[in-house]
Amino acid sequence: MGREWVLYGAYGFTGELIAREAVARGLTPILAGRDETRLRPLAAELGLQMRAFPLDDPARLDAGLRGVALVLHCAGPFSRTSAPMLAACLRMGAHYLDITGEIDVLEHAYSLDEAARQAGIVICPAVGFDVIPTDCVAATLAAELPGATRLRLGFDTRSALSPGTAKTTVEGAVGGTRVRRQGRLTRVPMGSLTRTIDFGVGEKLAVAIPWGDVASAYRTTGIPDIEVYLPTSRRQIRGLRFTEIARPVLKIGAVQRFLQNRAGSRPGPSPETRAKRPMHVWGEVTAPGERRVARITTANGYDLTVTGSLPVVVKLLSEGYADSGARTPSQLMGADYVTKLPGSSPLVLSEV
């Protein structure tokens, strides 16, 4: 297998951040995406190869991946873009990475474990803010309390959303909040699960959200009950409950297109803003009569996605790595991986 790799969605907000950091680290991705006119200026500036090809034409998609050992897929919403790229990676024998946090995308990726083994590739979705920090926290807590039956994860960040993330959030509202119950994905009404959590900067009201960890942390730990929380306000909880009532309207195609177009028009957070807004990650596991809590502070989610995804690329391109199959970030890189990333504090464990 060669060492050429494709960064697909390179002209998106996060894709461009990754492209620039890759060059700074001496890496030479092939920049790719659907729009040649948007690819060309970035490729010329960074001195990189480029390939323009769509995802809805298997022949052109396969041609775009010819001779490539790995794809880092950064073009969302991943609910529409991941499946064709995954299928192409299996056909062409290329490792697959992405930066999604979408539950169904993760579930689909993990369902391809046997296919990935037969193809001799690794499939590892969510190698960014979604879900490296929380996945590492989950793995650490599971090792601390074997036999745990409940896992709660959460993060506190005030960072603005990039256009792609905003579009994904709008799309995700249609599905409502999902949690893991007795090993099964279960939908609960939006705004219905709340609790007070100290993420590391004082107690805050938090609400359960539909986050990728209900897929990834389950695969990492096997713990049957999982929820993910985000700080909120009582006003926002009322808004979520209204959204629950409005879900049938949000499913209408024209409404989704309008909301996603509005969401996609906002700029991503600036470097200065990101530097001022680190992420505080919290996790809790419980077993009968026992409880463990973990906390860690990391760089802003967008910066962590950049610095977290590229070492995974390097690992999979290494001649010394020969395993295959579907993996979570902590399974591939180790439970302590997040502590090695720029901006991360030590992970602090406590028994409560």
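How many helices and strands does the secondary structure of the protein chain come to? In this model, which is a predicted one, the chain comes to 14 helices and 16 strands. Of its 352 residues, 53% count as buried, and among the contacts between residues at least 6 apart in sequence, 73% join residues that are at least 24 apart.

I would like to spend most of my time on three helices, with α5 as the one that links the other two in my account. Two packed helices are described by the angle between their axes and the distance between the axes, and I will follow that habit here.

Let me begin with helix α4, residues 78-92, and helix α5, residues 103-111, whose axes come within 9 Å and cross at roughly 15°. Angles under 35 degrees count as roughly parallel, and α4 and α5 are therefore roughly parallel to each other. The crossing in which α4 passes α5 is right-handed. If you follow along on the structure, the residues that α4 brings to this contact are Phe 78, Ser 79, Ser 82, Ala 83 and Leu 86, and on the side of α5 they meet Val 105, His 108 and Ala 109. Sorted by character, the residues of this contact divide into five nonpolar, three polar and no charged.

While we are on α4, please look at Arg 91, which is found in that helix and is partly exposed, with a relative accessible area of 43%. Leaving aside its neighbours within four places in sequence, Arg 91 is in contact with Pro 58, Leu 61 and Asp 62. For the last of these, Asp 62, the C-alpha atom is separated from that of Arg 91 by 7.8 Å, although the two residues are 29 residues apart along the chain.

Now to the other partner of α5, which is helix α9, residues 213-221. Here α5 and α9 pack at an angle of about 35°, with their axes 8 Å apart. From α5, the residues involved are Ile 103, Leu 106, Glu 107 and Tyr 110, and these meet Val 214, Ala 215, Ser 216 and Arg 219 in α9. This contact divides into five nonpolar residues, one polar and two charged.

Is α9 itself largely enclosed or largely open? Seven of its nine residues are buried, so α9 is largely enclosed by the rest of the structure. The buried ones are Asp 213, Val 214, Ala 215, Ser 216, Ala 217, Thr 220 and Thr 221. After α9 comes Gly 222, whose phi is positive, near 75°.

A brief word on a strand residue: Arg 187 lies in strand β9, residues 184-188, and is partly exposed, at 37% relative accessible area. Its C-alpha atom and that of Pro 210, which is 23 residues away along the chain, are separated by 8.9 Å.

Finally, the cysteines, for anyone thinking about the chemistry. A disulfide is a covalent bond between the sulfur atoms of two cysteines. With a pair of cysteine sulfur atoms within 2.5 Å as the rule, the count in this model comes to zero disulfides. Two cysteines can be described by their burial, where buried means under 20% relative accessible area: Cys 74 is buried at 11%, and Cys 124 also counts as buried, at 0% relative accessibility.

Conventions:
Residues are numbered from 1 along each chain as its sequence is written. This is a predicted model: local features need pLDDT of at least 70, side-chain atom pairs count only at pLDDT 80 or more; totals for chains, interfaces and linings use all residues. Side-chain values use heavy atoms; hydrogens and water are left out. Axes are lines fitted to C-alpha atoms, for helices over the stretch in contact, and angles run from 0 to 180 degrees between N-to-C directions. Helices (H or I, at least four residues) and strands (E, at least two) are DSSP runs, numbered from the N terminus. Angles under 35 degrees count as roughly parallel, over 145 as roughly antiparallel, 65 to 115 as roughly perpendicular and the rest as oblique. A crossing is left-handed if the near helix is turned anticlockwise from the far one by less than a right angle, and right-handed if clockwise. Contact means heavy atoms within 4.5 Å. Ala, Val, Leu, Ile, Met, Phe, Trp, Tyr, Cys and Pro count as nonpolar, Asp, Glu, Lys and Arg as charged, and the others, Gly among them, as polar. Buried means under 20% relative accessible area, exposed over 50%, partly exposed in between (1.4 Å probe, protein chains only).
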